Amino acid sequence: MAQAITLARPYARAAFELAHEAGSLAAWSQALAFAAEVAKDPRVVGFGNDPRVQPEQLVALHMPQGMAADAPFAKFLGELAEHRRLALLPEIAALYEQYKRESESQLLVKVTSAFALDAAQAEQLKASLKRRFKREIELETQVDASLLGGVVIDTGNEVIDGSARGRLARMTRALTV
């Protein structure tokens with residue numbers, strides 16, 4: 001996994017720079033998401049290292065429908081195909097999204113709660129996080145009943161554990177030391 005991320009990083013940076021210069025961050029985001037889904041498909045995985053499959057065929061397989069063969073994204077896919085790196089597309093897409101969010105002053109925050117957050121709670125949490133991090137917030141929520149109560153907030157660089165399970169664990173450590 002770490003090796004795939006390391007290999008994907010320069011490609012993701014190049015994709016971001018191409019898209020940023022062209023003013024087409026959203027279009028590249030959609031195209032990369034499509035290509036990444038294709039690359040993850042088990043039926044496609046075997047083609048990447050098959051010498052009978054030509055790079056042009058691999059590019060055509062990963063291109064969104066209706067995109068011109070001479071489009072910058074197609075050329076980008078061509079480079080990946082020439083170097084047999086199309087399998088890195090999921091990592092490239094994820095890194096590209098990070099670069100895109102950073103350029104737009106957005107922060108993806110993963111919130112895990114014991115119970116589903118209603119719309120008002122989610123908006124209140126977004127407002128609080130926006131004040132704290134001084135960035136637009138995109139929430140990704142999930143439910144984990146084992147937390148017992150509260151939430152765990154993961155910003156990628158920082159984890160704030162406000163769950164009942166986390167508090168009990170901290171209390172247990174404090175009492176056993």
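**Exercise 1. Gln124**

Is Gln124 buried or exposed? Place the residue, classify it, then relate it to Asn49.

*Solution.* The model is predicted.
- Step 1: find the element. Gln124 sits in helix 7, which covers residues 119–133.
- Step 2: read the accessibility. The relative accessible area of Gln124 is 57%.
- Step 3: apply the cut-off. Exposed means over 50%. Gln124 is therefore exposed.
- Step 4: take the partner. Gln124 and Asn49 are 75 residues apart along the chain. Their C-alpha atoms are separated by 49 Å.

**Exercise 2. The fold as a string of elements**

Count the helices and strands, write their order, and decide how spread out the protein chain is.

*Solution.*
- Step 1: count. The protein chain has eight helices and four strands.
- Step 2: order them from the N terminus. The run is α-α-α-α-α-α-β-α-β-β-β-α.
- Step 3: test the spread. The globule rule gives 16 Å for 177 residues, but the radius of gyration of the protein chain is 20 Å, well over that value, so the chain is more spread out than a compact globule.
- Step 4: look at the box. Along the principal axes, the C-alpha atoms fill roughly 65 × 35 × 30 Å.

**Exercise 3. Two domains**

Give the domain bounds and the separation of the domain centres.

*Solution.*
- Step 1: split the chain. Domain 1 takes in 1–103, and domain 2 takes in 106–175.
- Step 2: find the centres. Taken over C-alpha atoms, the centres of domain 1 and domain 2 are 32 Å apart.
- Step 3: add a pair of residues. Ala22 lies in helix 1, residues 2–22. Ala22 is exposed, with a relative accessible area of 56%. From Ala22 to Leu168 the sequence gap is 146 residues, and the C-alpha distance is 51 Å.

**Exercise 4. Positive phi**

Which elements flank Arg84, and which flank Ser105? Give the phi and accessibility of each residue.

*Solution.*
- Step 1: recall the background. Most residues other than glycine have a negative phi.
- Step 2: take Arg84. Its loop runs between helix 5 (72–82) and helix 6 (89–103). Arg84 is not a glycine, yet its phi is positive, about 55 degrees. Its relative accessibility is 32%, so Arg84 counts as partly exposed.
- Step 3: take Ser105. This residue is in the loop between helix 6 and strand 1 (106–113). Ser105 has a positive phi near 50 degrees, again in a residue other than glycine. At 40% relative accessibility, Ser105 is partly exposed.

**Exercise 5. Leu148 and its contacts**

Locate Leu148, classify its exposure, and list its contacts beyond four places in sequence.

*Solution.*
- Step 1: locate. Leu148 is in the loop that links strand 2 (136–143) and strand 3 (151–154).
- Step 2: classify. The relative accessible area of Leu148 is 53%, so the residue is exposed.
- Step 3: list. With neighbours within four places left aside, Leu148 touches Ala114, Phe115, Ala164, Arg165 and Leu168.
- Step 4: compare with a residue named elsewhere. Leu148 and Lys126 lie 22 residues apart along the chain, and their C-alpha atoms are separated by 22 Å.

**Exercise 6. Whole-chain totals**

Report burial, contact range, surface and charge for the protein chain.

*Solution.*
- Step 1: burial. Of the 177 residues, 36% are buried.
- Step 2: contact range. Take contacts between residues at least 6 apart in sequence; 66% of them join residues at least 24 apart.
- Step 3: surface. The protein chain exposes about 11000 Å², and carbon and sulfur atoms supply 55% of that area.
- Step 4: charge. The chain holds 21 positive and 22 negative charges, and the mean positions of the two sets are 7 Å apart.

Methods. Residues are numbered from 1 along each chain as its sequence is written. This is a predicted model: local features need pLDDT of at least 70, side-chain atom pairs count only at pLDDT 80 or more; totals for chains, interfaces and linings use all residues. Side-chain values use heavy atoms; hydrogens and water are left out. Helices (H or I, at least four residues) and strands (E, at least two) are DSSP runs, numbered from the N terminus. The radius of gyration is taken over C-alpha atoms; the globule rule is 2.2 Å times the number of residues to the power 0.38. Buried means under 20% relative accessible area, exposed over 50%, partly exposed in between (1.4 Å probe, protein chains only). Contact means heavy atoms within 4.5 Å. Accessible areas come from the Shrake-Rupley method with a 1.4 Å probe; for residues, only the protein chains shown count as cover. Lys and Arg count as positive and Asp and Glu as negative; His and the chain ends are not counted. The place of a charge is taken as NZ of Lys, CZ of Arg, CG of Asp or CD of Glu. Domain bounds come from an automatic or database domain assignment.
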